[in-house]
Amino acid sequence: MKEPTLPNSTIGVFGSGQLGRMFAIEARKLGYRVHTYSPDSDTPTGQVADIETQGSYDDLYEVRVFAQSVDVVTFEFENVPSAAVDAAAEFVDVFPSGNILHITQNRLREKTFLASNGFPVTPFRHITTLDELTAGVAELGTPCVLKTAGFGYDGKGQSKIRSIDDIAPAFDLLGGHDAVLEAFVDFEKEVSVVCARDQRGNFAHYGVIENEHANHILDVSFAPAVVDAATFNEAIEIARSIADTLDYVGTLCVEFFLTRDGQLLVNELAPRPHNSGHLTFDACVTSQFEQQLRAVCGLPLGLTEFYRPAAMANLLGDVWQDGEPNWASALMDPAVKLHLYGKGEPRRGRKMGHITAVSRDAASAVRSVRGAREALKSAG
Ligand code: AMP
């Protein structure tokens with residue numbers, strides 16, 4: 001067992017979005033220094049980090065300089081090219097490992113990993129040609145979903161195939177990229193397990209969180225999810241087993257579909273803190289971001305207990321469409337907490353912040369966050 005990376009050490013973070021920002025806030029709370037590396041400047045992470053380096057992930061010289069200036073590296077953005085992670089790993093530990101990043105940044109590799117290790121996934125096919133797509137649609141039936149294998153998130157690079165007429169246009173949209181064709185899941189709900197595994201293999205989880213999407217983007221999450229005990233236990237065991245199989249170190253999110261007949265299917269893995277775990281920041285003894293920090297630093301994990309049931313609603317750029325939102329009105333409910341990510345341009349669909357609330361039960365916490373988000377649109 002290695003010596004832990006102690007407070008006052010510097011944590012390197014690849015990526016500079018809101019996940020890195022909340023990670024940096026937690027790291028600074030514990031007295032660590034944070035150095036973020038990404039192609040951008042004045043970023044959500046950079047605004048709260050000690051040092052912000054603007055550099056390309058392909059500039060391996062700069063990546064090596066960065067790695068030599070920090071004590072351990074983690075990431076908040078999983079599409080960092082493997083070469084950059086390998087270059088950093090020449091100098092310092094990177095958690096989660098480059099191998100895990102390699103698996104999870106490509107849907108085909110991820111689904112193949114899951115299926116070959118016996119984890120439940122919806123039937124899928126690897127697609128490289130129009131003929132393969134035509135055959136795949138015949139095998140899996142309609143509707144089905146075609147997704148680019150690499151670099152997709154929040155429904156980007158996805159199309160639903162409802163009939164054979166959709167096959168050729170969907171294939172064209174791939175623009176020559178590899179894809180995965182998935183059978184459509186007629187799910188009852190979507191849930192996730194946010195969990196963490198430390199360097200000794202200890203595991204901690206936040207129970208099951210329930211997620212509602214709008215336009216393929218997470219809209220509202222709440223915890224605890226409304227699921228029966230058997231589903232709860234199975235979701236946790238699947239997450240634990242995935243983390244163990246990957247010899248995972250850090251915070252991991254396993255996203256599931258819960259089918260109408262009660263079956264859990266893994267949709268995807270996020271090798272980092274996840275949007276559905278943002279509510280742990282306000283509602284739990286130890287947030288998902290602090291768990292990530294503790295795990296990558298070789299410290300014991302913290303208690304995941306919820307103070308109270310909680311909910312989170314995302315704030316997309318759309319909230320700004322009629323001008324500055326009415327923040328004061330949203331905060332009229334004293335249970336509501338506002339998180340803004342320091343992003344300049346409120347583009348439609350861009351994640352700008354979120355609202356969380358705790359309450360006596362999850363349903364009333366959901367009412368609070370939805371109500372507060374509505375109040376943002378009211379006249380000041
Ligand atoms: P993903 O980027 O794969 O997480 O997909 C984003 C969202 O699209 C999911 O959270 C689901 O709401 C929906 N979706 C993706 N794949 C499927 C599928 N095979 N069947 C039904 N809905 C899906």
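In the predicted model, the axes of α1 and helix α10 (residues 288–296) come within 8 Å and cross at roughly 70 degrees. An angle of 65 to 115 degrees counts as roughly perpendicular, and α1 is therefore roughly perpendicular to α10. The crossing in which α1 passes α10 is right-handed. On the α1 side, the contact is formed by Leu19, Met22, Phe23, Glu26 and Ala27; α10 contributes Phe289, Glu290, Gln292 and Leu293. By class, the residues of this contact comprise six nonpolar, one polar and two charged.

Residues of α1 also border an internal space. The structure contains one cavity of 30 Å³ or more, and the volume of the largest cavity is about 40 Å³. Its lining consists of Val13, Leu19, Gly20, Phe23, Thr74, Phe75, Glu76, Pro273 and Gln292. At least two lining residues come from each of α1 (18–29) and β4 (72–75), and α1 gives the most, with three residues. Five nonpolar, three polar and one charged residues make up the lining of the largest cavity. Leu19 and Phe23 of α1 and Gln292 of α10 thus appear both in the helix contact and in the cavity lining.

A second helix pair is formed by α2 (residues 60–68) and α3 (residues 82–89), which pack at an angle of about 40 degrees with their axes 8 Å apart. The two helices are therefore oblique to each other. As in the pair described above, the crossing of α2 and α3 is right-handed. Leu60, Val63, Arg64 and Ala67 of α2 meet Ala83, Ala84, Ala87 and Ala88 of α3 in this contact. The residues involved divide into seven nonpolar, no polar and one charged. Arg64 of α2 is among the contact residues and belongs to the charged class.

An open site was also examined. The second largest pocket encloses about 460 Å³ of space. Its lining comprises 22 residues, and Leu316, Asp318, Val319, Arg373 and Lys377 are those nearest the pocket centre. Strands β12 (217–223) and β15 (310–316) and helix α12 (362–375) each provide at least two residues of this lining. In the lining of the second largest pocket, seven residues are nonpolar, seven polar and eight charged. Among the residues nearest the pocket centre are Asp318, Arg373 and Lys377, which count as charged, as well as Leu316 and Val319, which count as nonpolar.

Terms used. Residues numbered from 1 in each chain as written. Predicted model: local features only at pLDDT ≥ 70, side-chain atom pairs only at ≥ 80, totals over all residues. Heavy atoms only, no water. Axes fitted to C-alpha atoms, helices over the stretch in contact; angles between N-to-C directions. Helix = DSSP H or I, 4+ residues; strand = E, 2+ residues; numbered from the N terminus. Parallel < 35°, antiparallel > 145°, perpendicular 65-115°, else oblique. Left-handed = near helix turned anticlockwise from the far one by under 90°. Contact = heavy atoms within 4.5 Å. 1 Å grid on protein atoms, 1.4 Å probe; cavity = no way out; pocket = protein on both sides within 12 Å on 5 of 7 lines; lining within 4 Å. Points joined across faces, edges and corners; volume = space filled by probe spheres on them.
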